[in-house]
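Work through the exercises below with the model open. Try each task before reading its solution.

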Amino acid sequence: MKNYIGAPLLSALKEAFPAAEYDSEAAQPAVYIPAAELTALLIFLRDDARFGFARLENLTSADYKTYFEMVYHLFAWGPNVWITVKVKLDHDAPVVPSVTGVFPGAEFEEREVYDLMGIEFSGHPDLRRILLAEDFTGHPLRKDYKQAAPPRVPRLRREGGRVYAAD
Amino acid sequence: MPQTETYILNMGPQHPSTHGVLRVNLELDGEKILRATPMMGYLHRGIEKLLESRTYIQGVPYTDRLDYVSSMNNNFGYCRAVEELAGIEVPARAEYIRVIMAELNRIASHQVFIGSLANDLGASTGMLYTFRDREEILDLFDLVCGARMTFHYIRVGGVARNLPPEFAEKCRKFLDRVPEFTEEYANLLMGNEIFQRRLKGVSRLTPEQALAHNMTGPNIRATGIPFDLRKVDGYSVYPQFAFEVPVGENGDNWDRFRVRFREITESARIVRQALEGLPEGPVMAKFPKMLKPPKGEVFSRTEGTRGELGFYIVSDGTAKPYRVHIRRPSFINMQALDDMCRGYLIGDSVVAFSAIDPLMGEVDC
Amino acid sequence: MNAMLENGIVVTVAGVLREYLMLLFGNQFLTDLIMKFIGLGALIGVILTAAIVFTYAERKVCALIQVRLGPNRVGGRFGLLQPFADMLKLMSKEDIIPAGCDRVVWALSPMLLFVPSALAYAFFPFDKGAVFADVNVGIFLLIAISSQAVLPFLMGGYASNSKYAMIGGMRTVAQMLSYEAPMVFSLLGIVMLTGSLKMSDIVAVQADNVWFVLLQPVAFVIFVITATAETNRTPFDLVEGESEIVAGAFSEYSGMRWALFFLAEYANLLAVSILTTTFFLGGWSGPVLPGVVWFGLKAVFMVFVFMWLRWTFPRTRIDQMLSLSWKVLLPLALVNVMCTGIGIYIYRLL
Amino acid sequence: MFGKGLITGMGITIRHFFGKKATFCYPEEKLTMTEHFRGGHLTIDYKKCIACQLCAIQCPNQAIKLKVVTDANRKRHLESYVHSMGRCLYCDLCIEGCAPHALSWDKDYEISTWHKEDLVHQVMTDEDRSYLAEVMTQAAANPTPPPVPKAAPKPAAAAPPAAKPADTEVKPRE
């Protein structure tokens, strides 16, 4: 991320969304926003002429053991400026509004986060597991995930047309 | 009064033309597609999780296995992200070598695309020809790094080893062959009227649709949007080379094919320029063997062969990344499959899979 | 020797055999009957040999076009025993019957498919006078019989209880029915020129005058295209388009049943090649060499052309294929018929 | 004109029909592997090895399992060295990490096996084992000057202080 959004625009953002927080000391501060205002912020960032963040380049999440963090990397093509928007979520019942209404291209990425991290997206059109099987339990990318022991498949040995268990 | 009803045709995961293990549920009315639902995950290996338990340097070979027909580009993307995180300055010669490798790999990957598209259209001869020519690139890679698929050549801080002395000559010999074989593909496939009729006007996407689906790479360029990160971000040493970004006009499969076809020539141009300007010097930056990037996070992206390949890495100051997320272009491009299939025929659906050019290793990660 | 040249090898040999049998049995009816069976055996021999040779040839031609070597292990450097190895493999394979299939129809389909392709051979003039059944409505019967090949495909597709097979079956019906019409109309010009539906007459006329490929080039092109479609080969292999519907109507067949489909495919391939030879390339006529050799050479050449087409072209789409038939080939064939009529009229005026 | 492309295509295929072929008849003709080819079995030059275990530590997928013994002179030797090819990524990190250049690939690419169990490869040969036994007895009999040819620098002081042979199974670092 070469060109990160500058301090003047960040303060303009803070004016429009008083709930948004960022570390003004950091070189590339991520903007933290409460889940309730996320879609409004993204629409603002996308449609406001000063920002013009029309591309959602990346959507992901991270598990920080006590809380989850949703990470949205937005890119304004033209000025080539980046902004990172983050949402902190409760670890017990993580729910975040879906951004598919703002960026329809986020559909699969949100499904992936739902699948692997177990974060619910309210308002997602088709929230199902995408990479893992429907009947899979658990969310592997969580830090507290313990992999179940692989099922023991009996090994077979063929002798004279008959099949025996090898061990 | 006869009643008709729609039916579901389950294509894949074992189907000759789904490029690995993609499964698509097609809702059909006769031969006409009403809805196409891609279902993936049959090749899910949890690479993001695996990378969390490996050191930064150990993680590189795993990126080979993401998009296994353009491993160099994956290595490149991951190493760039780690370098940005750790603040490693890569020597100039290494950057040039990386660009040479990435572009050669782009040619190879597009050859696979042309070949598999031809094969899906029933012209398996076209596939054999492209794979024959791809072999020459793999020979070059073999010479450089000793592997033909999973290269693990681009490393954090540079490249694994210097180019062998005979590389430049062999590479030039290959580049001289590029116009020859592209002409052959053009005559065999592009000029073929059946081929054209199968692709033109099929699976059309408007630029707005492509943007809405967050498509990247040749797929978005086919709709006329010149979104090429080599130009947009100008990362590595790409700004030093003169090359064009081919774009399409209609956003149909024909344009997707043509964009990639022309990219082969452009990539060859870049490789030639990079070979000319290859500086002398070390190929590996100096940094502690046990790499411990400072606390922080980075999102770094490169133009992979299939689109924007991004790596989001969170470091907690230890030798292993705390969290790695890979923005896989094929995975996100797959969202457009429904729009590309809807209203077309079964025969077009396989062409649409091909034209998106997904690689299941990357989609399923 | 003179008689042999005049009558052709096959007829001469048959004549000698018949005399010998007459001496042996002294009964006209019995001799005729045995002679018919010998002819039948020879025909089936031709079909089976063709299937075996062409499986090998297809693999070899395909490989050579695709810068490969093809079979080169079983039976020497050129892999000549490859078809036998293939056959052995197919025979030893398990015969899988899909669950929920219509058993009787399913089992009948591969056998029935073989019947029309084998029957068609009865009307082919292999050499001067060497026709198993030289019927005076030969072309008519031939077309009637070959159009029966639609049914087994549909049966196989329907009975397999598989959607892929069903789509394949439906596609076959659409394809074969639409290509039958231009095929028939492309042959009408020839019938008008010869004034006979008898196969041997058509060849005889060409042997005396010129090959019809020169008189009817448009009909020749139409016939080759429709013949490709009738044999379900690329660019018209939608029926078994392996990248779309796996193997179409044969998806669920395995082992020997599948081999029967294969056999029928190559029998059909030879059949359309022979038809092209007979109608357009002058059949057995040719200088120096015996007629049957000329006939074989021309047929094999046509087979090669069909293989060459197959390994060069991509597949068309179902709507494109149908519109090609109804919107291009059929009108073209009708125009060809009309032009032929006018040509004949002008020729007679002269 | 419609059909021109079709004819050109047929021209190309017929040219290749008679042209040169790209096939290698594999068991008869064999390609020579390139200098840096990564593949085949891992081989170890036992006399060079200093038992530093770096290869096992470098391995991303824990494909290398080794055991180290210490002789009477506090010098470490490999007791066993197992390479699980089923786990191996063939990434070359072990070989590049080997300071005395004792590890290498044997470049034998004909390594397919019938059973998964056969993918576990014992890198140490019988010769190496008898050499180990010889070294161990010599060290026990003559504790001061090590009779081992010094092909490599002496290992760092990290060697376990135990005087008698002690088995330490090495696990890659957490």
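**Exercise 1.** In what order do the elements of chain A run from the N terminus on?

Solution. This is a predicted model. Start at the N terminus of chain A and read α-β-α-β-β-β-β-α-β-β-β. Then take the tally: 3 helices and 8 strands.

**Exercise 2.** What radius of gyration does chain A have, and what would a compact globule of 167 residues have?

Solution. Begin with the reference: near 15 Å for a compact globule of 167 residues. Chain A has 22 Å. Next, look at the box along the principal axes: the C-alpha atoms of chain A fill roughly 80 × 30 × 30 Å. Finally, check burial. Buried residues account for 37% of the 167 in chain A.

**Exercise 3.** Which strands are the edge strands of the open sheet of 3 strands in chain B?

Solution. Write down the order, S6-S7-S8 of chain B, with antiparallel pairing. Strand S6 (296-303) and strand S8 (321-327) of chain B each pair on one side only, which makes them the edges. Neighbouring strands are turned by 15 degrees against each other on average, direction ignored. Now zoom in on S7 (residues 308-315) and S8 of chain B: their antiparallel pairing spans 6 bridges. Ile313(B) has Val324(B) in S8(B) as its bridge partner. Last, add helix H3 (residues 71-86) of chain B, which lies across S6 and S7 of chain B at about 150 degrees to S6(B).

**Exercise 4.** How many residues of chain D are in contact with chain B?

Solution. Count both sides: 19 residues of chain D meet 18 of chain B. On the chain D side, helix H1 (residues 4-18) gives the largest share, 6 residues. Sort that side by type: 10 nonpolar, 7 polar and 2 charged.

Technical notes: Residues are numbered from 1 along each chain as its sequence is written. Chains are lettered from A and ligands numbered from 1 in the order in which they are written. This is a predicted model: local features need pLDDT of at least 70, side-chain atom pairs count only at pLDDT 80 or more; totals for chains, interfaces and linings use all residues. Two residues are in contact if their C-beta atoms, placed from the backbone, lie within 7 Å. Helices (H or I, at least four residues) and strands (E, at least two) are DSSP runs, numbered from the N terminus. Ala, Val, Leu, Ile, Met, Phe, Trp, Tyr, Cys and Pro count as nonpolar, Asp, Glu, Lys and Arg as charged, and the others, Gly among them, as polar. Two strands pair if DSSP finds at least two bridges between them. Axes are lines fitted to C-alpha atoms, for helices over the stretch in contact, and angles run from 0 to 180 degrees between N-to-C directions. The radius of gyration is taken over C-alpha atoms; the globule rule is 2.2 Å times the number of residues to the power 0.38. A residue is buried if 20 or more other C-beta atoms lie within 10 Å of its own, exposed if 12 or fewer, and partly exposed in between; C-beta atoms are placed from the backbone.
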